[in-house]
Amino acid sequence: MSTFTHIDEKGHVRMVDVTEKKPTIRAAVAAGVVIMKPETLSMIRDQKVKKGNVLETARIAGIMAAKRTSELIPMCHPLSLTHVQVDFEPDDTNSRIRIEASVRTIDQTGVEMEALTAVAVAALTVYDMCKSYDREMTVSNVQLLEKSGGKSGIYKRNSNQKSAK
(Lines give C-alpha, C1' and ligand atoms only; values in the text may rest on other atoms or scores of the structure.)
Protein backbone atom coordinates (compact mmCIF):
# COMPACT_ATOMS: atom_id res chain seq x y z
CA MET A 1 0.00 0.00 0.00
CA SER A 2 1.39 3.41 -0.95
CA THR A 3 1.77 6.19 1.58
CA PHE A 4 -0.22 9.39 1.42
CA THR A 5 1.81 12.35 0.18
CA HIS A 6 -0.04 14.90 2.34
CA ILE A 7 0.27 12.99 5.63
CA ASP A 8 3.53 12.65 7.57
CA GLU A 9 4.71 9.57 9.49
CA LYS A 10 2.77 10.74 12.58
CA GLY A 11 -0.48 11.13 10.66
CA HIS A 12 -0.34 14.93 10.55
CA VAL A 13 -1.43 16.77 7.43
CA ARG A 14 1.41 18.48 5.58
CA MET A 15 2.22 20.22 2.35
CA VAL A 16 4.30 18.04 0.04
CA ASP A 17 7.93 19.20 -0.05
CA VAL A 18 8.86 19.98 -3.66
CA THR A 19 12.13 21.73 -2.80
CA GLU A 20 14.31 19.14 -4.53
CA LYS A 21 12.18 18.94 -7.67
CA LYS A 22 13.53 20.63 -10.78
CA PRO A 23 11.36 23.42 -12.20
CA THR A 24 9.96 22.39 -15.59
CA ILE A 25 7.34 23.74 -17.94
CA ARG A 26 3.97 22.60 -16.59
CA ALA A 27 0.67 22.93 -18.41
CA ALA A 28 -2.90 21.82 -17.85
CA VAL A 29 -6.21 22.16 -19.65
CA ALA A 30 -9.57 21.71 -17.93
CA ALA A 31 -13.15 22.10 -19.11
CA GLY A 32 -16.72 22.17 -17.86
CA VAL A 33 -20.18 23.24 -18.95
CA VAL A 34 -23.03 25.41 -17.75
CA ILE A 35 -26.37 24.08 -18.96
CA MET A 36 -29.20 26.62 -19.13
CA LYS A 37 -32.51 27.53 -20.70
CA PRO A 38 -32.27 28.59 -24.36
CA GLU A 39 -33.57 32.06 -23.40
CA THR A 40 -30.72 32.47 -20.90
CA LEU A 41 -28.12 31.54 -23.50
CA SER A 42 -29.68 34.05 -25.91
CA MET A 43 -29.50 36.79 -23.29
CA ILE A 44 -25.83 36.02 -22.69
CA ARG A 45 -25.04 35.98 -26.44
CA ASP A 46 -26.96 39.23 -27.05
CA GLN A 47 -25.44 40.89 -23.95
CA LYS A 48 -28.90 41.54 -22.49
CA VAL A 49 -28.05 40.39 -18.96
CA LYS A 50 -28.57 43.34 -16.60
CA LYS A 51 -25.39 42.60 -14.63
CA GLY A 52 -23.20 43.15 -17.70
CA ASN A 53 -21.09 41.14 -20.12
CA VAL A 54 -21.36 37.65 -18.65
CA LEU A 55 -18.57 35.91 -20.57
CA GLU A 56 -15.96 38.63 -20.14
CA THR A 57 -16.75 38.88 -16.43
CA ALA A 58 -16.52 35.08 -16.12
CA ARG A 59 -13.22 35.12 -18.04
CA ILE A 60 -11.72 37.61 -15.58
CA ALA A 61 -13.09 35.62 -12.63
CA GLY A 62 -11.56 32.39 -13.97
CA ILE A 63 -8.16 33.99 -14.47
CA MET A 64 -8.23 35.56 -11.01
CA ALA A 65 -9.28 32.23 -9.47
CA ALA A 66 -6.42 30.35 -11.13
CA LYS A 67 -3.98 32.86 -9.64
CA ARG A 68 -5.46 32.36 -6.15
CA THR A 69 -5.90 28.59 -6.14
CA SER A 70 -3.44 28.05 -3.29
CA GLU A 71 -5.62 30.27 -1.09
CA LEU A 72 -8.66 28.06 -1.77
CA ILE A 73 -7.34 24.49 -1.85
CA PRO A 74 -5.56 23.29 1.31
CA MET A 75 -1.96 22.16 0.78
CA CYS A 76 -1.91 23.50 -2.79
CA HIS A 77 1.41 25.19 -3.56
CA PRO A 78 1.36 28.87 -4.52
CA LEU A 79 2.65 29.08 -8.08
CA SER A 80 3.88 31.86 -10.30
CA LEU A 81 1.66 31.32 -13.32
CA THR A 82 3.03 32.40 -16.68
CA HIS A 83 -0.22 32.03 -18.64
CA VAL A 84 -3.93 31.59 -17.96
CA GLN A 85 -6.53 31.52 -20.72
CA VAL A 86 -10.27 30.99 -20.28
CA ASP A 87 -12.43 30.45 -23.36
CA PHE A 88 -16.13 29.92 -23.94
CA GLU A 89 -17.99 27.93 -26.57
CA PRO A 90 -21.73 28.61 -26.62
CA ASP A 91 -23.73 25.62 -27.88
CA ASP A 92 -27.22 26.58 -29.06
CA THR A 93 -28.18 22.99 -29.89
CA ASN A 94 -27.67 21.79 -26.31
CA SER A 95 -28.36 25.15 -24.65
CA ARG A 96 -25.07 25.31 -22.80
CA ILE A 97 -21.74 27.05 -22.63
CA ARG A 98 -18.56 24.99 -22.62
CA ILE A 99 -15.73 26.56 -20.64
CA GLU A 100 -12.09 25.65 -21.19
CA ALA A 101 -9.11 26.93 -19.21
CA SER A 102 -5.45 26.43 -19.99
CA VAL A 103 -2.72 27.27 -17.50
CA ARG A 104 1.08 27.25 -17.74
CA THR A 105 4.02 27.82 -15.45
CA ILE A 106 7.67 26.97 -15.04
CA ASP A 107 7.71 25.47 -11.58
CA GLN A 108 8.24 22.40 -9.39
CA THR A 109 4.64 21.20 -9.34
CA GLY A 110 1.73 21.04 -11.76
CA VAL A 111 -1.11 23.41 -12.57
CA GLU A 112 -4.04 20.99 -12.78
CA MET A 113 -5.77 22.52 -9.77
CA GLU A 114 -5.36 26.02 -11.21
CA ALA A 115 -6.99 25.00 -14.50
CA LEU A 116 -9.85 23.22 -12.72
CA THR A 117 -10.37 26.18 -10.37
CA ALA A 118 -10.46 28.60 -13.31
CA VAL A 119 -13.22 26.55 -14.99
CA ALA A 120 -15.24 26.14 -11.80
CA VAL A 121 -15.15 29.82 -10.86
CA ALA A 122 -15.88 30.96 -14.42
CA ALA A 123 -18.91 28.63 -14.43
CA LEU A 124 -20.08 29.90 -11.04
CA THR A 125 -19.75 33.47 -12.30
CA VAL A 126 -22.02 32.67 -15.25
CA TYR A 127 -24.50 31.19 -12.78
CA ASP A 128 -24.29 34.18 -10.44
CA MET A 129 -24.82 36.71 -13.20
CA CYS A 130 -27.80 34.85 -14.68
CA LYS A 131 -29.47 33.26 -11.66
CA SER A 132 -32.29 35.82 -11.57
CA TYR A 133 -33.32 34.59 -15.04
CA ASP A 134 -32.63 30.88 -14.65
CA ARG A 135 -32.20 29.19 -11.28
CA GLU A 136 -32.17 25.78 -12.94
CA MET A 137 -28.77 26.28 -14.57
CA THR A 138 -26.41 23.38 -13.93
CA VAL A 139 -22.64 23.47 -13.63
CA SER A 140 -21.42 20.12 -14.88
CA ASN A 141 -18.50 17.96 -15.95
CA VAL A 142 -15.62 20.03 -14.58
CA GLN A 143 -12.68 17.84 -15.51
CA LEU A 144 -9.00 17.74 -16.38
CA LEU A 145 -8.52 17.21 -20.11
CA GLU A 146 -4.74 17.16 -20.24
CA LYS A 147 -1.57 17.97 -18.38
CA SER A 148 2.12 17.95 -19.16
CA GLY A 149 5.38 18.46 -17.34
CA GLY A 150 6.96 16.87 -14.31
CA LYS A 151 7.96 13.28 -13.73
CA SER A 152 4.49 11.88 -14.46
CA GLY A 153 4.73 13.27 -17.99
CA ILE A 154 1.79 13.79 -20.31
CA TYR A 155 -1.81 12.92 -19.52
CA LYS A 156 -4.64 13.24 -22.02
CA ARG A 157 -8.20 12.26 -21.13
CA ASN A 158 -9.51 9.51 -23.36
CA SER A 159 -11.70 11.13 -26.03
CA ASN A 160 -14.54 8.80 -24.98
CA GLN A 161 -14.46 10.40 -21.52
CA LYS A 162 -14.61 14.04 -22.68
CA SER A 163 -18.17 14.60 -21.58
CA ALA A 164 -17.50 18.35 -21.28
CA LYS A 165 -17.10 18.46 -25.05
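**Notebook: Val18, Thr105 and a surface patch**

I began with Val18, which I found in the segment before strand E1, the strand that covers 24–35. I am working with a predicted model, and I keep that in mind for each entry below.

Is Val18 buried or exposed? I looked up its relative accessible area, which is 10%, and since buried means under 20%, I noted Val18 as buried.

Next I asked which residues Val18 touches once those up to four places away in sequence are not counted. I wrote down His77, Gln108 and Thr109. For one of these, Gln108, I also looked up the backbone separation: its C-alpha atom and that of Val18 are separated by 6.3 Å, although the two residues are 90 residues apart along the chain.

I then turned to Thr105, whose place is in strand E3, made up of residues 96–107. Its relative accessibility is 0%, so I entered Thr105 as buried. Leaving aside neighbours within four places in sequence, I listed the contacts of Thr105 as Thr24, Ile25 and Arg26, then Ser80, Leu81 and Thr82, and also Val111.

My last entry concerns the surface, where I found a nonpolar patch formed by Leu72, Ile73 and Met113. Together these residues have about 240 Å² of accessible area. I looked more carefully at Leu72, which is found in helix H3, residues 69–72. How should Leu72 be classed, as buried or exposed? Its relative accessible area is 52%, and because exposed means over 50%, I recorded Leu72 as exposed.

Methods. Residues are numbered from 1 along each chain as its sequence is written. This is a predicted model: local features need pLDDT of at least 70, side-chain atom pairs count only at pLDDT 80 or more; totals for chains, interfaces and linings use all residues. Side-chain values use heavy atoms; hydrogens and water are left out. Patches are made of residues with over 30% relative accessible area and no salt bridge: like charges are joined within 9 Å, nonpolar side chains (Val, Leu, Ile, Met, Phe, Trp, Tyr) within 5 Å. Accessible areas come from the Shrake-Rupley method with a 1.4 Å probe; for residues, only the protein chains shown count as cover. A salt bridge is a side-chain nitrogen of Lys or Arg within 4 Å of a carboxyl oxygen of Asp or Glu. Helices (H or I, at least four residues) and strands (E, at least two) are DSSP runs, numbered from the N terminus. Buried means under 20% relative accessible area, exposed over 50%, partly exposed in between (1.4 Å probe, protein chains only). Contact means heavy atoms within 4.5 Å.
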